[in-house]
Amino acid sequence: MGNSSIMVTGATGNIGYYVASELAAKGEKVKLALFQPEKEGGIFRNMGAEKVKFDFLDQATFNEALLNVKKIFLIRPPQLAKPISDMKPFIDKAKEKGVEQIVFVSLMGVEKNPAVPHRKIEDMIRASGISYTFLRPSFFMQNLNTTHRKDIAIRNELYMPVGIAKTSFIDTRDIGSVAAACLTEDGHLNKTYTLTGAKAIDYYEVGEILSYTLGRKIEYKNPGTLMFRRNLIKRGIKKEFANVMTMLYVLTRLGTAEKITDDVREILKREPISFEQYAMDFKEAWQ
């Protein structure tokens, strides 16, 4: 690939960071597209990657960000809710600049759900004619040490309205590894992969594993849907985000998150990281 680089968006997030690290470890030229390179660059100090200012909503940043870029790892910033106006200009520019592949982190079940932004972005990338690889992961294990960290650390509870439905949780480190493989190995163009862990567990089991790992009782609360939404807003979560979270959990309750696939195993040639392993690795977050 000579002088060309792989552009990584969302590099400060809990998938993008692992993608960038894996690509750098494989000896690829990595270009980190950062909103504030001077402020956010610190965590990448030992990576030897190029840092460039990038903002989906500022077309003036596109040319420099895409210079010598042949492949893009694409994450939708959660605050960008209008894909057509927010992201299409960038995809158009990528096409114009001759980008050869976009690996996009979508959502499990997106093929049955035309309403979610991820689906619109998949359609946009397809329409652009750029070769794509769509990764459709199940729920992230790491949601528990980010979004739900305080519930677990301070209140010793798992607070989500999912009933007894199971979830095929995936570790974001595995998503990062799969993305890096799709960006550097042959055979992944114009493919879609549904990424899950090796098994589906319910939140009672999640509570048991966390209780065992942390040495204290973590209780699964299972509130009603409306009460869940009301409490999120009361705890200071923005209404739009509370609505999205509630909708995702309602779908989970209906069994949409329990599917298991072999895609991670087939691409990485190893078992997906287990929930037990994840809990051990991120133990500190809940102390």
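Guide: A residue is called buried when its relative accessible area is under 20%, exposed when it is over 50%, and partly exposed in between. The model discussed here is predicted.

Visitor: What makes F169 count as buried?

Guide: The relative accessibility of F169 is 3%. The cut-off for buried is under 20%, so F169 counts as buried.

Visitor: How do you know whether Y203 is buried or exposed?

Guide: Y203 has a relative accessibility of 1%. Because buried means under 20%, Y203 counts as buried.

Visitor: Why is the pair of F169 and Y203 called edge-to-face?

Guide: A pair of aromatic rings is described by the distance of the centres and the angle of the planes. The centres of F169 and Y203 are 5.5 Å apart, with the planes at 85 degrees. Rings pair if their centres lie within 6.5 Å, and planes over 60 degrees apart count as edge-to-face; the pair is therefore edge-to-face.

Visitor: What does the pair of F169 and Y203 tie together?

Guide: F169 lies in the loop between β8 (166–167) and α8 (172–184), whereas Y203 lies in helix α9, so the pair ties together parts that are 34 residues apart in sequence. Both F169 and Y203 also belong to a cluster linked by ring pairs, together with Y204, Y220, F275, Y278, F282 and W286.

Visitor: How many aromatic pairs are there by this rule?

Guide: The count comes to 19 aromatic pairs. One of them is edge-to-face and joins F56 to F90, at 5.5 Å centre to centre with 90 degrees between the planes. F56 is in the loop between β3 (50–53) and α3 (62–66) and F90 is in helix α5 (residues 88–96), so this pair ties together parts 34 residues apart in sequence. F56 and F90 are both buried.

Visitor: How do you know that the charged end of K53 sits over the ring of F35?

Guide: The charged end of K53 is 4.9 Å from the centre of the F35 ring, and the rule asks for a distance within 6 Å and a position within 35 degrees of the ring normal. The charged end of R235 likewise sits over the ring of Y159, 4.6 Å from its centre.

Visitor: Why does S211 count as buried or exposed?

Guide: S211, which is placed in helix α9 (residues 203–214), has 14% relative accessibility and therefore counts as buried, the cut-off being under 20%. A polar atom of the S211 side chain lies 2.7 Å from the backbone oxygen of G207, and a polar contact requires N or O atoms within 3.5 Å. Leaving aside neighbours within four places in sequence, S211 is in contact with R216, K217 and I218.

Visitor: What makes I233 differ from a buried or an exposed residue?

Guide: I233, found in helix α10 (residues 225–234), has 28% relative accessibility. Buried means under 20% and exposed over 50%, so I233 counts as partly exposed.

Visitor: Why do β3 and β9 stand at the edges of the sheet?

Guide: The 7 strands form an open sheet in the order β3-β2-β1-β4-β5-β6-β9, with parallel pairing. β3 and β9 (191–195) each have a single partner strand, so one side of each is left without a neighbour in the sheet.

Visitor: How do you know that β6 and β9 pair?

Guide: Strands pair if at least two bridges are found between them, and 5 bridges join β6 (residues 131–137) to β9. T133 stands opposite K191 in β9.

How values were computed. Residues are numbered from 1 along each chain as its sequence is written. This is a predicted model: local features need pLDDT of at least 70, side-chain atom pairs count only at pLDDT 80 or more; totals for chains, interfaces and linings use all residues. Side-chain values use heavy atoms; hydrogens and water are left out. Helices (H or I, at least four residues) and strands (E, at least two) are DSSP runs, numbered from the N terminus. Buried means under 20% relative accessible area, exposed over 50%, partly exposed in between (1.4 Å probe, protein chains only). A polar contact is a pair of N or O atoms within 3.5 Å; within protein, one must be able to donate a hydrogen and the other to accept it, and residues adjacent in sequence count only if both atoms are side-chain atoms. Contact means heavy atoms within 4.5 Å. Rings of Phe, Tyr and Trp (its six-membered ring) pair if their centres lie within 6.5 Å; planes under 30 degrees apart count as stacked, over 60 as edge-to-face and the rest as tilted.
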